[in-house]
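Let's take a friendly walk through a single chain. Have the sequence and the 3D view at hand before you read on.

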Amino acid sequence: MAGRVSGKSCPCGYKPRSIEDLGKHLRCAHSINRKLALLIARQGCDCYWCRLPLWVFATRYSSHPLRPTIEHLIPKSAGGGGADEGNLRAAHAICNHLRGSMSEAEWREIIAVAMASLPEQGRLTA
Ligand SMILES: [Zn+2]
Ligand SMILES: [Zn+2]
């Protein structure tokens with residue numbers, strides 16, 4: 001899948017020329033596994049849920065709450081599989097964990113409330 005990455009750069013400052021380039025960078029420079037690197041490259045280096053940057057400096061072996069993890073849109077507990085890549089997104093470990101088995105709509109409502117209570121500079125515009 002070829003494609004340009006417009007306005008997306010890695011949190012380390014690296015500016016990829018393409019989705020493939022970003023995927024390779026995430027694997028090589030940040031030791032992120034292939035599947036997760038591909039997901040992040042496709043969606044950009046922000047958490048699917050809160051849209052804040054994924055902390056790519058933390059590896060999958062760390063317990064950093066902002067490290068990138070693979071999120072199942074339809075939770076595994078509700079029959080959502082990992083074989084279907086359309087069901088997978090990259091999200092912070094903490095966002096993934098706190099969502100638990102909530103539906104996407106329920107969880108989005110909670111995120112919206114949490115975001116509204118953030119101080120101005122941490123707030124999301126979109
Ligand atoms: Zn980087
Ligand atoms: Zn997040």
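The notes below go from the overall layout to the core, then to one helix and one exposed site.

## Overall layout

Please keep in mind that this is a predicted model. The chain contains four helices and two strands, and along the sequence these elements follow the order α-α-β-β-α-α.

Of the chain's 126 residues, 28% count as buried. If you look at contacts with a separation of 6 or more, 43% of them join residues that are 24 or more positions apart.

## The nonpolar core

In soluble globular proteins, nonpolar side chains tend to be buried together. Here the largest nonpolar core has 22 residues, and those with the most contacts inside it are L26, A37, I40, A41, L54 and A90. At least two core residues come from each of α1 (19-30), α2 (34-43) and β2 (88-92). The largest share belongs to α2, which supplies six residues.

L26 is a good place to start exploring. Leaving aside residues up to four places away in sequence, L26 touches I32, A37, I40, A41 and V56. Of these partners, A37, I40 and A41 are also listed among the residues with the most contacts inside the core.

## Helix α1

How does the length of α1 compare with what should be expected at 1.5 Å a residue? Its twelve residues should span 16 Å, and the end C-alpha atoms are 16 Å apart, so the two values agree.

The buried residues of α1 are I19, L22, G23, H25, L26 and H30. They lie on the same side of α1, because they cover an arc of only 160 degrees around the axis. An α-helix has 3.6 residues a turn, so residues three or four places apart point the same way. As for what covers the buried residues of α1, the list includes α2.

Just after α1 comes S31, which has a positive phi, near 55 degrees.

## An exposed site on α4

For a contrast, turn to A114, which sits in helix α4 (residues 104-116). Is A114 buried or exposed? A114 is exposed, because its count is 11 other C-beta atoms within 10 Å, and a residue with 12 or fewer is classed that way.

To place A114 in the fold, find C50 as well. A114 and C50 are 64 residues apart in sequence, while their C-alpha atoms are 9.5 Å apart in space.

Key
Residues are numbered from 1 along each chain as its sequence is written. Chains are lettered from A and ligands numbered from 1 in the order in which they are written. This is a predicted model: local features need pLDDT of at least 70, side-chain atom pairs count only at pLDDT 80 or more; totals for chains, interfaces and linings use all residues. A residue is buried if 20 or more other C-beta atoms lie within 10 Å of its own, exposed if 12 or fewer, and partly exposed in between; C-beta atoms are placed from the backbone. A nonpolar core is a set of buried Ala, Val, Leu, Ile, Met, Phe, Trp, Tyr and Cys residues joined through C-beta atoms within 7 Å. Two residues are in contact if their C-beta atoms, placed from the backbone, lie within 7 Å. The expected span of a helix is 1.5 Å times one less than its number of residues. The arc is that of the directions from the helix axis to the C-beta atoms.
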